[in-house]
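Open the model in your viewer and keep the selection panel at hand. The tour below goes stop by stop.

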There are 4 protein chains.
Amino acid sequence: MAEKLKNLFSKNTPNDLGFGTATGTGRNMNKDGTFNVKRVGEPRFRPYEMYHTLITISWTKFIFLVLCFYLSVNLVFAFIYYFIGIDHLTSMDHPMTETRKFIEGFFFSSQTLTTLGYGRVAPIGILASSVAAVESMMGLLGFALATGLLYGRFSRPQSKILYSRHAVVAPYKGATGFMFRTSNLRRNQLIEVEVEVSIGFTEPGSRSRNFLQLDLERKRINLFPTSWTIVHPIDENSPFYGRTLEDVKGMNPEIFVILKAFDDTFSQTIYSRTSYRADEIIYGAKFLPMFHQLENGITQLDLGLIDAVEKVELPQMEMNQLETT
Amino acid sequence: MAEKLKNLFSKNTPNDLGFGTATGTGRNMNKDGTFNVKRVGEPRFRPYEMYHTLITISWTKFIFLVLCFYLSVNLVFAFIYYFIGIDHLTSMDHPMTETRKFIEGFFFSSQTLTTLGYGRVAPIGILASSVAAVESMMGLLGFALATGLLYGRFSRPQSKILYSRHAVVAPYKGATGFMFRTSNLRRNQLIEVEVEVSIGFTEPGSRSRNFLQLDLERKRINLFPTSWTIVHPIDENSPFYGRTLEDVKGMNPEIFVILKAFDDTFSQTIYSRTSYRADEIIYGAKFLPMFHQLENGITQLDLGLIDAVEKVELPQMEMNQLETT
Amino acid sequence: MAEKLKNLFSKNTPNDLGFGTATGTGRNMNKDGTFNVKRVGEPRFRPYEMYHTLITISWTKFIFLVLCFYLSVNLVFAFIYYFIGIDHLTSMDHPMTETRKFIEGFFFSSQTLTTLGYGRVAPIGILASSVAAVESMMGLLGFALATGLLYGRFSRPQSKILYSRHAVVAPYKGATGFMFRTSNLRRNQLIEVEVEVSIGFTEPGSRSRNFLQLDLERKRINLFPTSWTIVHPIDENSPFYGRTLEDVKGMNPEIFVILKAFDDTFSQTIYSRTSYRADEIIYGAKFLPMFHQLENGITQLDLGLIDAVEKVELPQMEMNQLETT
Amino acid sequence: MAEKLKNLFSKNTPNDLGFGTATGTGRNMNKDGTFNVKRVGEPRFRPYEMYHTLITISWTKFIFLVLCFYLSVNLVFAFIYYFIGIDHLTSMDHPMTETRKFIEGFFFSSQTLTTLGYGRVAPIGILASSVAAVESMMGLLGFALATGLLYGRFSRPQSKILYSRHAVVAPYKGATGFMFRTSNLRRNQLIEVEVEVSIGFTEPGSRSRNFLQLDLERKRINLFPTSWTIVHPIDENSPFYGRTLEDVKGMNPEIFVILKAFDDTFSQTIYSRTSYRADEIIYGAKFLPMFHQLENGITQLDLGLIDAVEKVELPQMEMNQLETT
């Protein structure tokens, strides 16, 4: 049996996933498709990550950062106007406490940075005017930056591909198949959808990790109007072949899913990834349909049914088949 | 005959369109290429659809939304200034009705949000100044957003592929062909145009829907200067083969067209889709040319002729051929 | 001979350029790669062309349009303020001529549209304030639009591929080859450059136009650091085979060049097209090198030499070869 | 031996890198992937390079340019207001020196260009108002331009692929292999990574340069979570086969690396290039792992180890193999 699988692996491309064969048994890919990798040794100063970070952080953090930045710049300029002397500004010729002076500087700064320029307070001397000229230009550039970042955040390709929480092993063409289901949560129309499914596992007793691409019933669909159940037939080329659920758990498997599609709405290629571990596989279950045709001819798709499965009996043939071969 | 077709189908990839085989007989794809699918079970809060919606709604709705948003924000801030007290603003020291106070607050807000800042009215105290500082920043961010959305709407890949209203069955190389015609309504230059034509139909008596890709005379043209008549030869591999118009109507067919091209002007891949149903097929008609060369060597293309057909006699050979085979 | 060519054509894909076989003998493609096509029958109202037009017109026209738009909007609002009554604005309480009133309205409008808002002139009543509120928002949206258009114009993929003014027929591997030369005028780095060359011609006596793809010595280069001479070997598969310059002129040929590359600087696929007619082919010339290595190991590329050719003797074998076959 | 290699070259595509065979022995590609090419003969006026330049220059230069531009425009308008006469502006009716007048013009200009418009100084006459109207529009368009440029700079696809400083010749499957290592310095997720490795070299005694693609153990990985060691097996098809380090140095080789990947974060295809020369190859060394799995199952990647190698003994079989063949 072990011999048989070894032949099988040498037939396939052994490892084109980029994971090392000595990576141990931890999860390689998180459910959301990110790699379970911690990076060290990066250079301390990484200006090239700034845009990436500002584009990918959450909206809450992004808005908080923008507010902080706005406040900080205003505080800095408030200090500058305070030190130049508040008497270089108009309407400031009445006696004021020092705090009040600083506050007036702060609000003058905010009216300059946003190019509001009410003018109740305006700079008079060369120094104050110069600082205001610099600040207003900085303000415009800053909001130019914010414009770019907002657009970048919005227009960034973001797929929301739903995957069934569990993969199932269900009857398929007289034998069984490893299946999971996917649908598009977003309303943008995906076309030319392709999927690639691989498995990483460890033979009992071995310390080295094997990686293997799984054959699929269908690797590509042209349109993606509703849902797609991706099927890996468990035949003699499959690493699941002739193995019970316990056997499979002993392999400590991780099934990697890479899905690629073209987003017709924004003319962008998008990718989505996920992985299944042994405890996310149900033996003896099949997916219930997510869609049916209404009486008016319209097809209704219920996204809430992505995880809907029902128990089924699996054909008892794996062991027999093994014996006859 | 039914047997023969079954073999044929098993030869082809049976269903890579992503429509279910049990979808009934309603139209799967609308004329404009969208799917005839109603989605339920979506999560109630869908922030990821916001950009998509704002990009794809009509210009009328978009401008209306922008105006509403501008009005609402101004109303909210008008209330705030009114509750802070209108006496925290300059030029407001004369007696006014409550309504007038609110109105002054509203216009002060609009002058702050747009960073106009005439300054006839300007904030004096800390509270009013703070609110104005926040509002002006919100204004700038809001218009930054609008900039991004406007650009997103304009630059979104939009193809305007014309399809002939009817498909025809016309004489083709001694036999017949299923044909429809396409041209580019827009002036952007499309290149590397590819087309894929599939059919969905139900065998009389069966309740299951078959899907089948149709062979084409030519699947790809390098340039798309004028019009392109796409031809599916009705030979023995065709599901139309040996069937009369009545037979075809009985199959309740839907012919799906997926056209892909590269938009040379904006360096984007675009897709276009449509479908034909039985009542949009004319038996015994051919397309009249849409273009001819003028005397000065320039080719003239008349887009108004996309639907121009004339009646022709079809060769009476389908039935004979069937008998001889 | 005519028979021979017919076989040859049936071997090749006869016409995947999208030009009709009955298009006469006028030029199909202009030197700059645009199609020599006049479009009629377009719908009168074409909003979808607006962005396309604003992106592709010359800078002179674009700036002129922006200025006109700015002036027009200001004129419209100047009229509105004039009709509302100039006394609804501050600093306008001294006696003025009607013209002067209109001019003051115009400048107030410009200060509102750009959100300058000096405030010397400011609206007082509800009517004037409302108009100003609308105008300032329109101004912001207008400049948001201009921002998008400016970015769209700048970031649009624009290749500047140089083609030699003439194609040559030069000695090549004992026989002859049809050659032209290309280089990248821009400094962006092009990679994965592919070329496709086709010919359209009319057999003497025939009225129908033939289209044929030409075999090339090399269809693709990975990098494009200097120049590339594209070679079509004139062997027995070539439509030029065994034909003198006079013969070729009698065919009224047009050689179509489609070049595709990936612009590494902007991560965009770009296309470039051109065509050669009979009077742009030199029989018996070869290209002189455009680059040589300097003493410090740097390669120097002289773009001014793109058209540099020198006369050469062509091998006198075409006719003999024909006789022996 | 020389004969043998000649056969080999004719088997391979001889030169699809686009470098000329007569380019001498200088470096063709710099370490950062740019071509070692000096361009002359470019047209003097190159507006199409402006965007390219403004996008690709360093941030320091870009900000400096923006500041210079802002200053210059303000200086020009300061002169205009000075020549119109500073008495066309409000608050300017007290006696001033000529310098002071110019300075007031300058600050009024800056407040107009940025659409600040405090209003302490405001234009009164038609002339001054017209200039201010033009300047404020120019300001808005200028900052619209800056917005586009800032976004263009940020969103430009920028890969930071790390390459090991040295390539090594290490033991590989009983024989040896030419290897180098690569990793992604940035945090964006790269997928579908493909590599192409070519060599340029001169046979001793020859003056013509040969180019040859090198066979690789693996040309493509689906995911790129950690590092990738690219291996060219030194078998009989390799130009390194049976050559000592001295032999290889005598060939004056340059190994070209072209790496292509899809940036999942920004939905862009990116390319990276580098080259190795003879003095960057270590004979008898192997790469130490850059990653290992932590106890919690997370894989730790240390980017600082990209160059980590250790000395190894090479199998002494090259010469023997040569003798037996």
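Two strands count as paired if DSSP finds at least two bridges between them. Strands (E, at least two residues) and helices (H or I, at least four) are DSSP runs, numbered from the N terminus. This is a predicted model: local features need pLDDT of at least 70, side-chain atom pairs count only at pLDDT 80 or more, and totals for chains, interfaces and linings use all residues. Residues are numbered from 1 along each chain as its sequence is written, and chains are lettered from A in the order in which they are written.

**Stop 1: a sheet across two chains.** Select 291-293 of chain C and 37-40 of chain D. These are strand 13 of chain C and strand 1 of chain D, the edge strands, each pairing on one side only. The open sheet has three strands in the order 13(C)-14(C)-1(D), with mixed pairing. Now add 299-302 of chain C: this is strand 14, antiparallel to strand 13 of chain C over three bridges. Look for Q293(C), opposite T299(C).

**Stop 2: two helices.** Select residues 126-155 in chains A and B. These are the two copies of helix 5, whose axes come within 9 Å and cross at roughly 50°. Axes are lines fitted to C-alpha atoms over the stretch in contact, and angles run from 0 to 180 degrees between N-to-C directions. Which residues of helix 5 of chain A meet helix 5 of chain B? They are F143(A), A146(A), T147(A), L150(A), Y151(A) and F154(A). Contact means heavy atoms within 4.5 Å. Their partners include M137(B), L141(B) and Y151(B).

Definitions and conventions: Heavy atoms only, no water.
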